[in-house]
Protein chains: 2
Amino acid sequence: MLSDLEIAQSAKIKNIKEIAGKLGIPESMLEPYGHYKAKLPLSLIDPEKINGKKLILVSAISPTPAGEGKTTVSIGLCEGLNQIGKKTTVVLREPSLGPVFGIKGGAAGGGYAQVVPMEDINLHFTGDFPAIEKANNLLAALIDNNIQNKNSTLGIDPRTVHWKRVMDMNDRALRHIIIGLGGTTSGVPRETGFDITAASEIMAILCLSENFDDLKKRMGNIFVGFTYDKKPVFARDLKAEGAMAALLKDAIKPNLVQTLEGNPAIIHGGPFANIAQGTNSVLATKMGLSLSDYVVTEAGFGFDLGAEKFLDIKCVSSGLKPGVAVLVATIRALKYHGGVKLDEIKKPNAQAVENGLENLEKHIENIRKFNICPVVAINKFADDTVEELEVVKNLCNKLGIRSAITTAHAEGGRGAVQLAEAVVEVLNECKSDFKPLYDWGWSVERKIETIAKQIYGANAIDYTAQAKDDLKKIESLNLDKLPVCIAKTQKSLSDNPKLLGRPENFIVTVREIEIAAGAGFVIPITGNIMRMPGLPEYPAAEKIDIDSEGRIKGLF
Amino acid sequence: MLSDLEIAQSAKIKNIKEIAGKLGIPESMLEPYGHYKAKLPLSLIDPEKINGKKLILVSAISPTPAGEGKTTVSIGLCEGLNQIGKKTTVVLREPSLGPVFGIKGGAAGGGYAQVVPMEDINLHFTGDFPAIEKANNLLAALIDNNIQNKNSTLGIDPRTVHWKRVMDMNDRALRHIIIGLGGTTSGVPRETGFDITAASEIMAILCLSENFDDLKKRMGNIFVGFTYDKKPVFARDLKAEGAMAALLKDAIKPNLVQTLEGNPAIIHGGPFANIAQGTNSVLATKMGLSLSDYVVTEAGFGFDLGAEKFLDIKCVSSGLKPGVAVLVATIRALKYHGGVKLDEIKKPNAQAVENGLENLEKHIENIRKFNICPVVAINKFADDTVEELEVVKNLCNKLGIRSAITTAHAEGGRGAVQLAEAVVEVLNECKSDFKPLYDWGWSVERKIETIAKQIYGANAIDYTAQAKDDLKKIESLNLDKLPVCIAKTQKSLSDNPKLLGRPENFIVTVREIEIAAGAGFVIPITGNIMRMPGLPEYPAAEKIDIDSEGRIKGLF
């Protein structure tokens, strides 16, 4: 069997001008990065053209180690829609470089449902992540420089600075560090750390910004900490926002690449789906809708995490309205939710699938709470049995919703035609009329409670003493009208990663609430959220190589 | 008066395809990055075509705060040569992003002798620095991961690891840090720090590599530290070189941009000129020579630093041979060397110029030691007097070498035609036959002594106890046949920054000797070398901005 990289490298890739041509982009407006990638100027976004276009949100059941293949299904669906004559662009997040060297390998779909050039997309791409990293770290340098220089100081209390540096690398040794050692000329010692770049607030900001002015305003709004006399300090107090935004002058522009079947793919931004909104940029989605009739996009992790944020934060902020939500499930993952251990997951077990359905069912209920029509996509693996697949189909029939099996991983667009047809039918027949779950104007507690009870299925919310203090701080800073971006484990609908299926009678504990005033949300933290992964004992990096001709090997 | 950025932004910039066309590059071989930048595939380098081409090395007298304008003269000379009908490409280093936010602003020439697009070149450019940063920091993460994981461990003694992380940011608080805090899952605590990216050994490696295989081999040769039982550890022992080289798959390709007058400029790599070789990549220089008849290139700081390394390291390693060395001087800088304080530098003072000439004279002597013909370029400022200029001319006449005044900053290529003519005459009349100063096969001490006595003018060399230990270590690792890349202050020919002019009767003290086995040299350290600058009290970042249309402001 060919690896993802081998499939990607053997693809007949088209010059990016050809892809742009399909979208009606004149060559003079294309900003090529080599022959197969390009940046798209923001002037191609046309609010007039977005009206009436179809936005398809791909989400999934609660992720399991067995995998769901959300990106693969999104890409496959784009191919399938194009195969049935619908002009479609898939709009995705950019993969993070760090995990490429860990366990994960590449993250640009898989099998015959990939975006290419796969190596480029996984390695630096068009430089957006490095630019975000730089903007983030410029603010950090300006903060420590202000603390260092007594004459220009704002009087920042170093102990209140929560702004961390970032690096797109799985580097656990940077999680907790002490900086500023080495005497009076080398800074003021303080505790801090590095997060991975995808976890940077700058990433969240870039992905919510509507234009340069909005970007700059959000940058200025970043909350940095307090002065010794307890006044809040924002990035604008350090006059940081202009230079930070200047660093993003190209990163703000969406990137155009192609699917294996030569259809347009816009890949832009990659915020985490736990501590951030977990989906590509507003500008990328609007670009896709300006340039084609259908846009397939995805939100990270399960529907409770990425999609809830996609809808309550991204859609409310930008005015976007999905016409359908595709919920991806696999038989393997349903068995896992049904109680089967990972090493038995490939054995036929229709009863376990049946047991796992409650997770799927809850996510479908959740989709309907936003007044959006659902479609279930069963991402089929070779060892799935007819009986097992029937179990899922029967549930969908019972619930009165469409489902389709997809085999895009093995067959490309041909394997997603059924799904594409189902999606088009639902778009034509079912009237989605998106409404958000909550009103941003509500109190922070009410917003948290609404999500936790209605989406997660919690009985009640508990706040630690720290979280209660944070609530007061947020009110005193007048930031309580921001939406909430709950950081929660993706592994469970609850805040306990061990509770699979459809947990009930649980309490969600809010440990603390962070402020992302620049991004424009607050982040109630309900568990240990990993912001800087580590490398495994035998890192994937050991296998990655390049030959004499500059061809990459071992990226799987 | 217009700022550099205003001049650059008002230039009529050509599509990069047009510039490539001038060089005979077919469009299919050009890898564009937007409309005004491109990467050039290594297959355009043709050793056959390099023979007989003219390489012009631009260097300078010992730098002073008054400035010399070496890059400006290099660009101006390229314009001037093209004006007199010589097909010329200027090949330069890439500016570092960090200093842009400090005092320095941009670094792509100045006035009417600039390379454009100036904002892009100064901000991220084509992503080479971020890629170098990533390769450097991947090795760091692999080292700490190996120390963390007991099963796969090489037994690295963390106290012997000298490999630092890098970031292209002026961030003094990262100079001395402790990492690996936070308990057993977050690494092993140890002291380390960050250097600025230009100081990374990866930068030096990239700029000396001849191709992908050479790059990978050099990466593998990086010396990391020792095991607890005193065995040396190299990057290859961590299986790091493949992934590190893969990260540089595009960064290894030289970048094509243009001068204000639409002539080709290749900008690639930017190693420091104190702890590294201080000049652009071998591949960029060879690319320039493959594509045009004349190549103007520069080496950092004064002739004693960048140019000595250009010749003894880069030229010996790559087989390049400069036909002429242009030594840039300014009347202001000569006055400074002649004892005038900085605030009096603009006042006419021919006697001070006369007094400062000894610095210029020593650098000319040094050029001749390499069997290369010198030309003196006087970079004229508005307040220079005829009498002052005559002083320099007279010295050059006395020494029997050509000199020319250039006003490229104010007038572009027109202001460098005289210099261009002088350079062409020297190339035609004077027979340079480059020979290196020393043989790599000599002992480390003999190599150091040769440079210090012959080039710096020292009486003797002193080694600290640390340096003596380092010499033993280098011999035991069989690395004593590598060339030496002496880290010394740029401000003086000696190792004491306060000794201006032509210091005599001084002793050079070697404090320690670092190993850069990947780059392929050892680094005798003769002073405090800044590897991570800080921001000033009022950083330039405060003035940098971007407008609604994405246009950069305040980059000066």
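Reader: Which residues have the most contacts inside the largest nonpolar core?

Author: In this predicted model, the largest nonpolar core has 321 residues, and those with the most contacts inside it are A:Phe101, A:Leu360, B:Phe101 and B:Leu360. Leaving aside residues up to four places away in sequence, A:Leu360 touches A:Ile61, A:Leu327, A:Ala329, A:Leu334, A:Val376, A:Val392 and A:Leu395.

Reader: How do you know that the two copies are related as by a two-fold rotation axis?

Author: Chain B is superposed on chain A by a rotation of 180° with 0.0 Å of shift along its axis, and the RMSD is 0.0 Å. The two copies are therefore related as by a two-fold rotation axis. Among the residues of chain B, B:Tyr33 comes closest to that axis, with its C-alpha at 2.1 Å.

Reader: What makes you say that the copies meet through the same surface?

Author: Of the interface residues of chain B, 100% are also interface residues in chain A, and so the copies meet through the same surface. The contact takes 78 residues from chain B and 78 residues from chain A, while the area buried between the two chains is about 6,500 Å², of which carbon and sulfur atoms give 60%.

Reader: Why is the pair B:Glu133 and A:Lys134 called a salt bridge?

Author: The rule asks for a side-chain nitrogen of Lys or Arg within 4 Å of a carboxyl oxygen of Asp or Glu. In the pair of B:Glu133 and A:Lys134 the closest N and O atoms are 3.0 Å apart, and the pair therefore satisfies that cut-off of 4 Å. Across the interface of chain B and chain A the rule finds ten salt bridges, and the count of residue pairs in polar contact, both at pLDDT 80 or more, is 39.

Reader: Which elements of chain B each supply at least two residues of the side that touches chain A?

Author: They include the helices α5 (118-122), α6 (128-148), α8 (212-220) and α9 (241-247), together with the strands β1 (31-32), β8 (177-179) and β23 (545-546). With eleven residues, α6(B) gives the most to this side of chain B.

Reader: What makes helix α7 of chain A mostly covered?

Author: A residue is called buried when its relative accessible area is under 20%, and eight of the eight residues of α7(A), which spans residues 201-208, are buried. Among them are A:Glu201, A:Met203, A:Cys207 and A:Leu208.

Reader: Why is the approach of A:Ser200 to A:Ile202 called a polar contact?

Author: At the start of α7(A), a side-chain oxygen of A:Ser200 reaches to within 2.9 Å of the backbone nitrogen of A:Ile202, and the approach therefore falls within the cut-off of 3.5 Å for a pair of N or O atoms.

Methods. Residues numbered from 1 in each chain as written. Chains lettered and ligands numbered in written order. Predicted model: local features only at pLDDT ≥ 70, side-chain atom pairs only at ≥ 80, totals over all residues. Heavy atoms only, no water. Core = buried A, V, L, I, M, F, W, Y, C linked by side-chain atoms within 4.5 Å. Buried < 20%, exposed > 50% of the residue type's maximum accessible area, 1.4 Å probe, protein only. Contact = heavy atoms within 4.5 Å. Least-squares fit on C-alpha atoms with pLDDT ≥ 70 in both. Buried area = accessible area lost by both parts, 1.4 Å probe. Polar contact = N/O pair within 3.5 Å; in protein donor to acceptor, adjacent residues only side chain to side chain. Helix = DSSP H or I, 4+ residues; strand = E, 2+ residues; numbered from the N terminus.
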